[in-house]
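This report describes selected features of one protein model. Please keep the sequence and the structure in view while reading.

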Amino acid sequence: MTALATTAWASRRGRVSRVALAALGGVGLGLGHSPYGLPWLAFAALPLLFHLWAAAPGRAGAALTGWAAGVGFFGLTLSWIVEPFLVDIARHGVLAIPALLGMAGGLALFWGAAFWLARAAAPEARGLRAVLALAAALTGAEYLRSVVLTGFPWALPAYAWTDTPVAQAAAWAGPHGLGLLLLLLALLPALLRPLPLLAAAAGLALLWGAGAWRLDRPDPAAPGPVLRLVQPNAAQRLKWQPEMIPRFYQRLLTETAAPAGTAPDAVIWPETAVPWLVQEEPGVAAQIAAAAGPGTPVLLGALERGADGGWYNGLTALGDGGAVLGSYRKHHLVPFGEYMPLAGALRAVGLLWIAEGLAGSFDRGPGPRLMAVPGLPPFQPLICYEAIFPHQILRGAQRPAWLLQVTNDAWFGTWSGPYQHLDQARMRAIEQGLPLARAANTGVSAVIDARGRVLASLPLGVPGRLDAALPGALEPTLYARTGDRAALIALLALLTGAALWPRRRRAA
């Protein structure tokens, strides 16, 4: 069957059938991500979406196709979004499904816009021109959703390949550049001609081979200090219950004080590990420091109150006697979780209960920064959600020696969210050539090397501790030096080339 015949077949489907098939194609793309791990399905799902897009009547029909595909994709990959609403079902359970539908439908608008733009750039919707236009437009949409309205770059196309050598190309191209390459390769088979099929196979083989080569390179300098990651496994529905707080706190202290063959150089607790303002509770701070022992700092997630009365989600470093060695305040807050967008508007229309019932009302910290703690190389702290933003890792003179993520993934449930969050942390390590340590309340806590490999971990849903040496850092990667500029230039060049294609052919 030729490409034109396949598009003709798609055009004979009714509108409802085309929308349903587009949503199914989006689900197929979503199955590439954790915990499903089927990235190869992109080579079937994207050609299906290509022909549905080509068969759609006009730009509006193309946009509807893209939106339906986005609903299927985000509906699957963000299914964990219902979990926070189930922590307190009586108060918030009724909002779980509307939240998922709203999130999927809202993010799908980016895909709808991409399919619209691709049709505008390639009105005939066939041939290599159309493939270039659709790949570039969809990459542009994924970049925009990474930055617009504070951004939400969850489940980017490149992340489906985290467990394969292909992901190593992010060290050169970054997540958006690699995403563009993968979209191009997966769309080429839609042309149903030998040369594009061979090009797709050769391109994927090249990415795989280059990644395998990078993984086989010698490890960087000898490992650094030994870190102890403590995982209390405090279920979110129990975490702040008065009778459970002492139990989880004692678990943290016990794991911190446990003997080890090699004494740890630092102990790391997860995000919001304790309910107290540690910097204002010298007795608590001293007790935590005593559990770690003399000369062993403890880095823990804890709430912090600013001099202006603001509340912050922070990371505090404690030294001997509970002395505060330094702190960091989270700057990239979770919309609706840590602050309520448009809270004033909600109050004005009588929905004050939503604004007060869901928002954590935190204030933003000043921004990304290095943190220095005696005995440890300088690091960049990332609190939970902050690890999903590739463009916010410090570069140049401010480049850290390693990355530290403290997180509470109990909010994400036990199926897909925690594993997708881990994949994104691994991608930060690959992109930057930096090791990453990850302390998670319920898991997965892990030590990740500078090529994104998990060297040691604690599984999801178990309490415990993990002692592991911090791996060495690599030299700054190409992406660490240049950021997303090359990817943006490439997608703009492809879109421009697709739009000018007919004029060039007539001039010839």
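## Unusual backbone geometry

P35 lies in the loop between α2 and α3. In this predicted model, the peptide bond that leads from S34 to P35 is cis, with omega near 5°. A second cis bond joins G443 to V444, again with omega near 5°. V444 is placed in the loop between β8 (436–440) and β9 (445–448). Such sites deserve notice because most peptide bonds are trans, and most residues other than glycine have a negative phi.

Positive phi values also occur here. T150, in the loop between α8 and α9, has a phi near 75°, a positive value in a residue other than glycine. C384 belongs to the loop between β6 (379–383) and β7 (402–407), and its phi is near 50°, which is also positive in a residue other than glycine. Is each of these residues buried, exposed or partly exposed? T150 has 29% relative accessibility and therefore counts as partly exposed, since that class lies between the limits of 20% and 50%. C384, with a relative accessible area of 8%, is buried.

## Helix α8

Helix α8 covers residues 127–147, 21 residues in total. From its first C-alpha to its last it reaches 31 Å, close to the 30 Å expected at 1.5 Å a residue. The helix is mostly covered, as 16 of its 21 residues are buried. After α8 comes L149, whose phi is positive, near 55°.

## Helix α10

Helix α10 runs over residues 194–215 and has 22 residues. How far apart should its ends be at 1.5 Å a residue? The expected span is 32 Å, and the end C-alpha atoms are 31 Å apart, which agrees.

The buried residues of α10 are P196, A200, G203, L204, L207, G211 and R214. Viewed down the helix axis, these residues fall within an arc of 95°, so they line one face of α10. They pack against three other helices: α3 (42–55), α9 (170–187) and α16 (417–432). The face of α10 turned away from the buried side carries exposed residues, namely P194, L195, L198 and L206.

## Cavities

The model has 5 cavities of 30 Å³ or more. The largest cavity has a volume of about 200 Å³. Of the 20 residues that line it, L29, A42, L46, P157 and L183 lie nearest its centre. Helices α2 (15–30), α3 and α9 each supply at least two residues of this lining, and α9 gives the most, with 4 residues. Thus α9 takes part in the lining of the largest cavity and also packs against the buried residues of α10. By class, the lining of the largest cavity has 16 nonpolar, 4 polar and no charged residues.

The second largest cavity has a volume of about 70 Å³. Its lining consists of P232, A234, K239, W240, I245, F248, Y249, L252, A273 and P275. Which helix provides the largest share of this lining? Helix α12 (residues 245–257) does, with 4 residues. The lining of the second largest cavity divides into 9 nonpolar, no polar and 1 charged.

## The second largest pocket and Q236

The second largest pocket has a volume of about 300 Å³. It is lined by 14 residues, and those closest to its centre are A235, Q236, R237, A410 and G413. The elements that give two or more residues to this lining are α5 (83–86) and α11 (236–239). By class, the lining of the second largest pocket has 6 nonpolar, 6 polar and 2 charged residues.

One of the residues closest to the centre of this pocket, Q236, lies in helix α11. Its relative accessibility is 8%, so Q236 counts as buried, the cut-off being under 20%. Leaving aside residues up to four places away in sequence, Q236 touches V87, N408, A410 and W411. Among these contacts, A410 is also one of the residues closest to the centre of the second largest pocket. The fold also brings distant parts of the sequence into one region: Q236 and L86 are 150 residues apart in sequence and 10.0 Å apart in space, C-alpha to C-alpha.

Technical notes:
Residues are numbered from 1 along each chain as its sequence is written. This is a predicted model: local features need pLDDT of at least 70, side-chain atom pairs count only at pLDDT 80 or more; totals for chains, interfaces and linings use all residues. Side-chain values use heavy atoms; hydrogens and water are left out. The expected span of a helix is 1.5 Å times one less than its number of residues. Buried means under 20% relative accessible area, exposed over 50%, partly exposed in between (1.4 Å probe, protein chains only). The arc is that of the directions from the helix axis to the C-beta atoms. Contact means heavy atoms within 4.5 Å. On a 1 Å grid over the protein atoms alone, a cavity is a set of points where a 1.4 Å probe fits but cannot get out, and a pocket is an open set with protein on both sides within 12 Å along at least five of seven lines; lining residues have an atom within 4 Å of a point. Grid points are joined across faces, edges and corners, and a volume is the space filled by probe spheres set on the points. Ala, Val, Leu, Ile, Met, Phe, Trp, Tyr, Cys and Pro count as nonpolar, Asp, Glu, Lys and Arg as charged, and the others, Gly among them, as polar.
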